[in-house]
Amino acid sequence: MATVVRMPSVLAGATEAAIANWLVAPGDTVAVGTPIAEIETEKALVEYAAEEPGVVGRLVLAVGDSGEIGDPIAVLVSDGESDADIDTALGVDKAPGVAGNGYRGPGTRVFASPLVRKVAGQRGIDLAALTGTGPNGRVVRRDLERFLAVQGESAAAAKQRPVPPTDFPGAAPAAPAATASAGTRLIPHTPMRRAIARRLTESKATTPHFYLTTECVVDDLLTLRKQVNEAATVKVSVNDFVIMAVAAAFRDVPEANVTWSDEGLIAHATVDISIAVATEGGLVTPVLRGVDGKRLSGIAREAQDLAARARDKRLHVHELEGGTFSISNLGMYGTLEFSAIINPPQSGILAVGAARQQPVVVDGALAVATVMRCTLSVDHRAIDGALAARWLAAFTTRVQHPLATLV
């Protein structure tokens with residue numbers, strides 16, 4: 001009997017995922033454990049293996065299509081089974097005389113991805129009016145985008161047509177038609193973008209944020225970094241020093257290493273830091289675990305590996321889960337100062353700005369120093385202002401005396 005392969009739940013809490021790449025084609029024989037697809041979750045690209053043996057009879061979702069967890073993505077068949085058996089397994093209802101070539105007749109069920117259905121519903125679009133180009137005539141994202149583009153061109157053309165004069169005396173001038181911006185197009189949300197929107201909205205709505213800002217003089221840090229990189233095989237960045245300083249600050253103020261739960265505060269025994277990495281699809285936060293027990297070279301090596309694999313969408317699920325604190329560094333873009341949104345359920349995130357030379361007062365005299373502004377966002381449910389201030393002071397000291405942190 002034909003076996004339906006369904007969208008797996010490869011990440012806790014995920015409601016949908018997308019096909020990033022098929023690793024098999026119709027006619028291929030697969031065994032249990034054979035990789036069949038790369039599934040794009042909210043945060044990563046995960047390789048999915050077959051859970052049953054068989055021959056690939058049909059790929060239900062095309063590359064780039066998304067589906068809810070449990071939706072059919074493919075069908076495996078045994079010897080002698082046909083397209084009719086696949087249709088029966090999928091529950092496909094075809095109108096009499098309609099071939100499975102993407103054209104539909106009256107009474108035919110319209111197949112479309114959940115994302116397409118949602119966007120079409122929001123815009124009042126009848127999916128029966130679209131010609132599906134996906135497997136088995138399924139309406140996929142490119143079909144909806146093409147339809148919306150045509151609709152946009154029609155609206156723009158209507159806007160340019162002259163308004164006919166009124167036919168009766170005293171009539172008021174016709175109101176101008178609603179305008180549609182020419183050249184616009186719909187870019188459907190990816191699972192990652194939906195996850196970012198959901199989590200950050202949840203964070204701002206449910207987590208009482210407050211913010212503290214410090215200015216760190218980093219001339220000694222920059223000098224030490226230059227000396228380290230002249231001798232080290234693994235090049236270290238300013239952010240690697242920041243990560244080490246964060247871990248050291250939690251050693252100095254361990255009572256700040258907590259997160260909120262309804263039952264009580266959760267005190268963490270290690271410092272697991274999520275580092276924000278900008279990728280083509282959005283922001284991901286892989287986790288450096290046990291940073292308080294790592295050397296600077298180890299932090300640099302692991303951070304570089306995680307960032308590279310994040311951009312290639314090759315992170316593993318466990319590398320994206322957990323974390324007790326986050327760091328977001330926009331200094332390399334020239335940003336002087338910003339406030340970041342807490343990544344729930346964590347209690348804090350440090351926003352790191354660019355290191356710039358500026359006037360400072362040293363022992364009553366004016367001088368020039370390289371200063372880096374850092375802003376700490378804190379969950380007030382778990383950490384009070386005085387405790388957050390103590391932690392930030394410890395972090396500032398560690399950054400300004402980097403050699404003491406290394407030894």
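L406 counts as partly exposed, because its relative accessibility is 33%. That value falls between the limits of 20% for buried and 50% for exposed. I should state at once that the model before us is a predicted one. L406 is found in helix 9, which covers residues 402-406. Together with L403 and V407, L406 makes a nonpolar surface patch of about 320 Å².

Let us turn from the surface to the pockets. What is the volume of the largest pocket? The value is about 860 Å³. Its lining consists of 38 residues, and those nearest the centre of the pocket are I275, A276, V277, L283 and V284. Several elements supply at least two lining residues each, among them helix 6 (238-252), helix 7 (296-311) and the strands 12, 13 and 14. Helix 4 provides the largest share, namely 5 residues. As for the character of this lining, 22 of its residues are nonpolar, 10 are polar and 6 are charged.

The model also contains cavities. The count comes to 5 cavities of 30 Å³ or more. The second largest cavity has a volume of about 90 Å³. It is lined by 13 residues, with F250, A256, F325, L376 and I383 closest to its centre. Two elements, strand 18 (365-379) and helix 8 (385-400), give two or more residues to this lining. Which element gives the most to the lining of the second largest cavity? Strand 18 does, with 3 residues. Here the lining divides into 9 nonpolar residues, 4 polar residues and no charged ones.

I now come to the salt bridges, of which the structure holds 10. In one of them, D87 pairs with R58, and the closest N and O atoms are 2.9 Å apart. D87 belongs to helix 1 and R58 to strand 6 (residues 54-59), so this pair ties together parts that are 29 residues apart in sequence. Are these two partners buried or exposed? D87 is buried, because its relative accessible area is 11%, and R58 is buried as well, with a relative accessible area of 10%. Moreover, R58, D83 and D87 are linked in a network of salt bridges.

Helix 1 offers another residue to look at. L90 has its place in this helix, which spans residues 83-90. L90 counts as buried, because its relative accessibility is 17% and the limit for buried is under 20%. Along the chain L90 and A2 are 88 residues apart, while their C-alpha atoms are separated by 9.1 Å.

My last example is R309, which takes part in two of the salt bridges described here. With D305, the side chain of R309 meets in a salt bridge of 3.0 Å, N to O. The two residues are 4 residues apart in helix 7, which means that about one helical turn separates them. R309 counts as buried because its relative accessibility is 18%, whereas D305, at 38%, counts as partly exposed. The side chains of E319 and R309 form a salt bridge too, at 2.6 Å from N to O. This pair links distant parts of the chain, since E319 lies in the loop between helix 7 and strand 16, R309 lies in helix 7, and the two are 10 residues apart. E319 counts as buried, with 12% relative accessibility.

Technical notes: Residues are numbered from 1 along each chain as its sequence is written. This is a predicted model: local features need pLDDT of at least 70, side-chain atom pairs count only at pLDDT 80 or more; totals for chains, interfaces and linings use all residues. Side-chain values use heavy atoms; hydrogens and water are left out. On a 1 Å grid over the protein atoms alone, a cavity is a set of points where a 1.4 Å probe fits but cannot get out, and a pocket is an open set with protein on both sides within 12 Å along at least five of seven lines; lining residues have an atom within 4 Å of a point. Grid points are joined across faces, edges and corners, and a volume is the space filled by probe spheres set on the points. Ala, Val, Leu, Ile, Met, Phe, Trp, Tyr, Cys and Pro count as nonpolar, Asp, Glu, Lys and Arg as charged, and the others, Gly among them, as polar. Patches are made of residues with over 30% relative accessible area and no salt bridge: like charges are joined within 9 Å, nonpolar side chains (Val, Leu, Ile, Met, Phe, Trp, Tyr) within 5 Å. Accessible areas come from the Shrake-Rupley method with a 1.4 Å probe; for residues, only the protein chains shown count as cover. A salt bridge is a side-chain nitrogen of Lys or Arg within 4 Å of a carboxyl oxygen of Asp or Glu. Buried means under 20% relative accessible area, exposed over 50%, partly exposed in between (1.4 Å probe, protein chains only).
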